[in-house]
Amino acid sequence: MKLPGSPHVAYRGDVLMLEDCPVADLAARFGTPLYAYSQGAMHSALAAYQRALEGRDHLICYAVKANSNLAVLQTFARAGCGFDIVSAGELARVLAAGASPSKVVFSGVGKTRAEMREALDVGVMCFNIESEAELEALSAVASETGRTARISLRVNPDVDAKTHPYISTGLKGNKFGIAHERAVAVYARAAALPGIEIVGIDCHIGSQITEIDPYLDALDRMLDLVEAIEATGVTLHHLDLGGGLGITYTDEQPPSAGELIGALLQRIDVRGHGHRKLMFEPGRSLVGNAGVLVTEVLYLKPSDDADGKHFCIVDAAMNDMARPAMYEAWMGIVPCRLRDGPPVTYDVVGPVCESGDWLGRDRALAVQAGDHLALLSAGAYGMSMASNYNTRGRAAEVMVSGGEAWLIRERETPAELFRGEHLLPT
Ligand code: LLP
């Protein structure tokens, strides 16, 4: 059976493998629910970006929010990546993983003054500024602390990324970025503010984008702006085009990183901007297809009605993987060991007390209680969006390379979940 996504997740005979590790063996060794990642898949996804940008001044800043496990960050830091962060928490993580602050960009619409101070103290490469009020606040914080904040403005290019409304960010009605029409004036203001050094410009138009055209539209709008801004005497050293490249969950056919960057470089060169430092902030496309969420079938609950629903109740739930419940996202679900026998159409659901707690609907599966299933392409926005709803400890995580597997995050225990809570005095 051919699976969508990464070649690092594939059947060998009847056995689902992650690189050279049978996934069911990982489940037996580390328990379930379990996130398991292929380090090889992460390396090859990054290499595709690096190859496409070879010979150019560039920096790939992995978007930490997609998967923020320290070992994942360490994998990318060692491979030369920078990081795109959105909180002081993510800053602490990248530093703990060995990243250099000089390769960190700080994005996000609601950076607090305390977060700005921390990022200035360690010397991040750039703040991606999302509003005029934020720019004024950063100038004040930088001046107070006697530091200079390097900034780029995140411009909202007002293009349609043609993706899910919750993950589209480059349209006028979105909360993100500074309106295209305001950009020249806000750069002029930034140039006049104390404690601020302008270094670049950036945009990010959305996520799970499966076409090149929205990127080219955004690029053209950005280059128009770059020309208009530089005509006022402000120099922009880098152009950051954000993240957003989609992956294959089922039958999507997104461009490869090579195709996307090739098309962008061609346009950049034609317009005479080839000398500029280029930055990207990919998240999903570096880790999404590298991971699976492994779960055990607890119970089968068939329906007596001819047209009723059959449920396959598993030990992973919406708290472990929120994407189906939150975006109605379709994610592949396959057995870790294929069985003979006719498949039955199940809704695959978790133990959480909500009807919205489903992982897959109408899936044809030949399974029995005690079998293990793998939710595919779960490496991005899986564990990083996990919660403790229903006082469920978050899953363990393992990193696989060849036939080796390392525990990179321990399963949370109930005691850890209420550490920090207090009973009232009697
Ligand atoms: N840069 C910025 C400023 C972002 O906001 C994001 C993602 C990225 C980069 C990385 O985008 P990527 O390459 O991963 O598409 N939870 C949703 C996705 C939310 C994306 C948020 N921003 C999901 O599970 O589909």
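**Close-up 1. Arg12 and its bridge partner in the hairpin of β1 and β2.** In this predicted model, Arg12 has Val15 of β2 as its bridge partner, and Ala10 is partnered in the same manner by Met17 of β2. Strand β1, residues 9-12, and strand β2, residues 15-18, pair in the antiparallel sense, and four bridges hold the pairing. Two residues lie between the strands of this hairpin, and Gly13 takes a positive phi near 65° there. The side chains of β1 alternate, with Val9 and Tyr11 pointing to one face, where they are buried, and Ala10 and Arg12 pointing to the other, where they are not. This can be set beside a general rule: in a regular strand the side chains alternate between the two faces of the sheet.

**Close-up 2. Strand β2 and the turn that leads to β3.** In β2, Val15 and Met17 point one way while Leu16 and Leu18 point the other way, and all of these residues are buried. Strands β2 and β3 run antiparallel and are joined by two bridges, and Leu18 stands opposite Cys21 of β3. The two strands form a hairpin with two residues between them, and Glu19 in the turn has a positive phi of about 50°. For comparison, most residues other than glycine have a negative phi, and most peptide bonds are trans.

**Close-up 3. The open sheet of β1, β2 and β3.** Three strands make up this open sheet in the order β1-β2-β3, and the pairing is antiparallel. Strands β1 and β3 (21-22) stand at the edges with a single partner strand each, so one side of each is left without a neighbour in the sheet. As a general point, strands of a sheet pair through backbone hydrogen bonds, either parallel or antiparallel.

**Close-up 4. Helix α1 and the residues that follow.** Helix α1 spans residues 23-30, and Val23, Ala24, Leu26, Ala27 and Phe30 are buried in this helix. Seen down the axis of α1, the buried residues fall within an arc of 155°, so they line one face of the helix. Ala28 and Arg29, on the other side of α1, are exposed. The helix is followed by Gly31, whose phi is positive, near 80°. Beyond the glycine, Thr32 and Pro33 are joined by a cis peptide bond with an omega of about -10°, and Pro33 has its place in the loop between α1 and β4 (34-38).

**Close-up 5. The contact of helices α6 and α7.** The axes of α6 (residues 132-145) and α7 (residues 183-192) come within 11 Å and cross at roughly 10°, which makes α6 roughly parallel to α7. Glu132, Leu135 and Glu136 of α6 make the contact with Val186, Arg189 and Ala190 of α7. By residue class, the contact of α6 with α7 divides into three nonpolar, no polar and three charged residues.

**Close-up 6. The surroundings of Tyr346.** Tyr346 is found in strand β17, which covers residues 344-349, and with a relative accessible area of 7% Tyr346 is buried. Pro302 is 44 residues away from Tyr346 in sequence, whereas the C-alpha atoms of the two residues are 8.5 Å apart in space. Leaving aside residues up to four places away in sequence, Tyr346 touches Leu300, His310, Phe311, Cys312, Gly360, Arg361, Asp362, Arg363, Leu365 and Val367.

**Close-up 7. Ser377 and Asn390 in the loop between β19 and β20.** Ser377 lies in the loop between β19 (372-375) and β20 (396-401), and Asn390 is found in the loop between these strands as well. Phi of Ser377 is near 55°, a positive value in a residue other than glycine, and phi of Asn390, also a residue other than glycine, is positive too, near 65°. Ser377 is buried, with a relative accessible area of 5%, while Asn390, at 32% relative accessibility, counts as partly exposed.

Notes: Residues are numbered from 1 along each chain as its sequence is written. This is a predicted model: local features need pLDDT of at least 70, side-chain atom pairs count only at pLDDT 80 or more; totals for chains, interfaces and linings use all residues. Side-chain values use heavy atoms; hydrogens and water are left out. Buried means under 20% relative accessible area, exposed over 50%, partly exposed in between (1.4 Å probe, protein chains only). The arc is that of the directions from the helix axis to the C-beta atoms. Axes are lines fitted to C-alpha atoms, for helices over the stretch in contact, and angles run from 0 to 180 degrees between N-to-C directions. Angles under 35 degrees count as roughly parallel, over 145 as roughly antiparallel, 65 to 115 as roughly perpendicular and the rest as oblique. Contact means heavy atoms within 4.5 Å. Ala, Val, Leu, Ile, Met, Phe, Trp, Tyr, Cys and Pro count as nonpolar, Asp, Glu, Lys and Arg as charged, and the others, Gly among them, as polar. Two strands pair if DSSP finds at least two bridges between them.
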